[in-house]
Amino acid sequence: MISPVRKMFDGIASRYDFLNHFLSCYQDVLWRRYCCKCLKKMMAVDGANAVSENAPGSVRIARNAMDDAECAAGTARTVRLLDLCGGTGDFANTFRKIFEGSSSKGAACGFSVEPAVIGDFSYGMLAEVKPKKIDAYAVQLDAMKMPFAERRFDVILNGFGMRNVPDARGALMESYRVLDAGGYLCVLEFFSPRNLFNKFFYKVLAPLFIPVMGAFFSGKRDAYEYLVNSIIRFLPVDEFCKMAEECGFEVKKVKMFDGGISFGVFLHKPGNA
Ligand SMILES: C[S@@+](CC[C@H](N)C(=O)[O-])C[C@H]1O[C@@H](n2cnc3c(N)ncnc32)[C@H](O)[C@@H]1O
């Protein structure tokens with residue numbers, strides 16, 4: 001049987017990107033960009049550390065890379081990317097642009113990205129990937145039971161997907177399984193509000209305007225009521241981080257966006273795992 005959440009995403013797929021940008025005043029674009037830039041810095045530093053540990057002659061280059069936190073040691077590292085709950089593929093697209101672009105100082109940045117895997121259970125959402133001509137494969141899958149071997153990916157992105165999965169712990173454990181040792185899982189999400197401003201935003205303001213706007217532009221009021229309710233019902237960010245640690249991840253960084261409207265959580269699978 002098709003799950004109601006999957007049916008819902010199938011139903012809003014053609015208006016999803018527009019409404020995402022419109023309702024967040026384009027902040028979603030900036031949040032994804034920030035997450036990708038941050039991942040790039042983290043991975044550049046990891047690469048630089050590996051170089052300085054392995055090759056004494058490369059220490060100078062490595063230190064520069066760490067100072068810049070932008071470029072690894074000049075050799076291109078190929079990144080295997082999974083955009084999980086990837087929907088229409090915006091996160092994967094942003095990732096490629098950031099990772100394969102050049103640094104602010106014009107140097108080549110030492111990363112190349114394999115054609116990404118965009119994994120999602122909604123065929124409707126995945127069908128929106130094709131017109132964007134993203135260098136990626138769209139794969140219909142369930143985030144809690146993925147059709148991949150262990151350690152298949154270096155980076156997993158999960159933009160606004162965790163909250164929709166029935167078992168977040170199951171999705172975290174499955175992500176851990178398919179991530180290579182030393183890899184990163186970046187979760188960009190709306191977490192259950194904790195402070196007064198966010199409680200007011202999500203419990204009073206958002207239920208007033210999000211379903212109305214959603215209904216006006218997509219004709220699917222239910223889907224946008226679900227959006228607000230799913231945020232209130234989800235875990236607060238600190239509880240999510242605790243759960244991730246219980247699944248074996250190290251929490252590298254938690255970035256709050258716009259006073260807590262959303263968060264970027266950067267999780268690392270230890271190098272020796
Ligand atoms: C809010 S959209 C996010 C899309 C995209 N990642 C973004 O950044 O805009 C959530 C996505 O999660 C997908 N999803 C929800 N539950 C899932 C599951 N159990 N397995 C795979 N995908 C799922 C939905 O189909 C939907 O495309």
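**Helix packing and the ligand shell**

The crossing of α1 and α7 is right-handed. In this predicted model, the axes of the two helices lie 10 Å apart and pack at an angle of about 135 degrees. α1 and α7 are therefore oblique to each other. On the α1 side, the contact is formed by I12, R15, F18, L19 and L23, which meet I210, M213, G214, F217 and S218 of α7. Sorted by character, the residues of this contact of α1 with α7 comprise seven nonpolar, two polar and one charged.

Helix α7 (residues 196-218) also packs against helix α8 (residues 221-233): their axes come within 7 Å and cross at roughly 155 degrees. Because that angle is over 145 degrees, α7 is roughly antiparallel to α8. Here, too, the crossing is right-handed. From α7, the residues Y202, K203, A206, P207, I210, P211, G214, A215 and S218 take part, and they meet R221, A223, Y224, E225, L227, V228, I231 and I232 of α8. The contact of α7 with α8 divides into 12 nonpolar, two polar and three charged residues.

Turning to the ligand, 21 residues surround it, and the closest are C85, G87, S122, A143 and G159. Two elements, α1 (4-23) and α4 (90-100), give two or more residues each to this shell. The largest share, four residues, comes from α1, the helix that also packs against α7. In composition, the shell around the ligand holds 10 nonpolar, seven polar and four charged residues.

Technical notes: Residues numbered from 1 in each chain as written. Predicted model: local features only at pLDDT ≥ 70, side-chain atom pairs only at ≥ 80, totals over all residues. Near = placed C-beta within 6 Å. Nonpolar A, V, L, I, M, F, W, Y, C, P; charged D, E, K, R; others polar. Axes fitted to C-alpha atoms, helices over the stretch in contact; angles between N-to-C directions. Parallel < 35°, antiparallel > 145°, perpendicular 65-115°, else oblique. Left-handed = near helix turned anticlockwise from the far one by under 90°. Contact = placed C-beta atoms within 7 Å.
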